[in-house]
Amino acid sequence: MLARLQRPISHSQYEAEKMTEESGEVKPTKIVDARGSFCPGPLMEMIKAYKESKVGDIISVYSTDSGTKVDAPAWIKKSGNELVGIFEREGYIEIVMKKTK
């Protein structure tokens, strides 16, 4: 299970918390908690985290806005990055992307 943080985590925190390759789990480099924000808020917060990230970083966005399930994957595809997954969590949606460029 992914950690629940209110703000993006730093690269050093990510390195300290990274799972081993044997586990097969992906730990996000940044977690953006956009719960309670409405369109286009979650997408804008994801794009901000993307711009602050390095290639290879994993960005996880938490959102309660159902439109995020459509908007975020569309932007990820259009921007040429990788959609890792969309997960229904208890009371929110988690969108996970990998920055590839």
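Buried means under 20% relative accessible area, exposed means over 50%, and partly exposed lies in between. The exercises below use these classes on a predicted model.

**Exercise 1. Classify the two partners of the Lys30–Glu52 salt bridge, and state which elements the pair ties together.**

Step 1. Glu52 has a relative accessibility of 48%, so this residue counts as partly exposed.
Step 2. Lys30 has a relative accessible area of 10% and is therefore buried.
Step 3. The side chains of Lys30 and Glu52 form a salt bridge at 3.6 Å, N to O. Lys30 belongs to strand β1 (residues 30-33) and Glu52 to helix α2 (residues 41-52), so the bridge ties together parts 22 residues apart in sequence.

**Exercise 2. Describe the fold of the protein chain in outline.**

Step 1. Count the elements: the protein chain has 3 helices and 4 strands.
Step 2. Put them in order: along the sequence, the pattern is α-β-α-β-α-β-β.
Step 3. Consider burial: 43% of the 101 residues count as buried.
Step 4. Consider the contacts between residues at least 6 apart in sequence: 59% of these join residues at least 24 apart.
Step 5. Consider the surface: the chain exposes about 6000 Å², and carbon and sulfur atoms supply 53% of that area.

**Exercise 3. Find how many salt bridges the whole structure holds, and work through two besides Lys30–Glu52.**

Step 1. A search of the whole structure gives 4 salt bridges. Side chains of opposite charge can pair when their charged atoms come close.
Step 2. One of them joins the side chains of Asp33 and Arg35 at 2.7 Å, N to O. Asp33 is buried because its relative accessibility is 14%, whereas Arg35, at 30%, is partly exposed.
Step 3. Another joins the side chains of Lys69 and Glu88 at 3.0 Å, N to O. This pair links distant parts of the chain, with Lys69 in helix α3 (residues 68-78) and Glu88 in strand β3 (residues 82-89), 19 residues apart.
Step 4. Lys69 has 35% relative accessibility and so counts as partly exposed. Glu88 is exposed, because its relative accessible area is 54%.

**Exercise 4. Determine how the buried and exposed residues of α3 are arranged around the helix, and what covers the buried ones.**

Step 1. List the buried residues of α3: Thr68, Ala72, Pro73, Trp75 and Ile76.
Step 2. Their directions cover an arc of only 160° around the axis, so they lie on the same side of α3.
Step 3. Val70, Lys77 and Lys78 are exposed on the other side of α3.
Step 4. The cover over the buried residues of α3 includes α2, β2, β3 and β4 (92-98).
Step 5. Look past the helix: just after α3, Gly80 has a positive phi of about 80°.

**Exercise 5. Locate Ser63 and describe its surroundings.**

Step 1. Ser63 is in strand β2 (residues 58-63).
Step 2. Its relative accessibility is 0%, so Ser63 counts as buried.
Step 3. Leaving out residues up to four places away in sequence, Ser63 touches Ala34, Arg35, Pro42, Thr68, Tyr92 and Ile93.
Step 4. With Thr68, there is also a side-chain to side-chain polar contact at 2.8 Å. Thr68 is among the buried residues of α3.
Step 5. Arg35, another residue that Ser63 touches, is the salt-bridge partner of Asp33 from Exercise 3.

Definitions and conventions
Residues are numbered from 1 along each chain as its sequence is written. This is a predicted model: local features need pLDDT of at least 70, side-chain atom pairs count only at pLDDT 80 or more; totals for chains, interfaces and linings use all residues. Side-chain values use heavy atoms; hydrogens and water are left out. Helices (H or I, at least four residues) and strands (E, at least two) are DSSP runs, numbered from the N terminus. Buried means under 20% relative accessible area, exposed over 50%, partly exposed in between (1.4 Å probe, protein chains only). Contact means heavy atoms within 4.5 Å. Accessible areas come from the Shrake-Rupley method with a 1.4 Å probe; for residues, only the protein chains shown count as cover. A polar contact is a pair of N or O atoms within 3.5 Å; within protein, one must be able to donate a hydrogen and the other to accept it, and residues adjacent in sequence count only if both atoms are side-chain atoms. The arc is that of the directions from the helix axis to the C-beta atoms.
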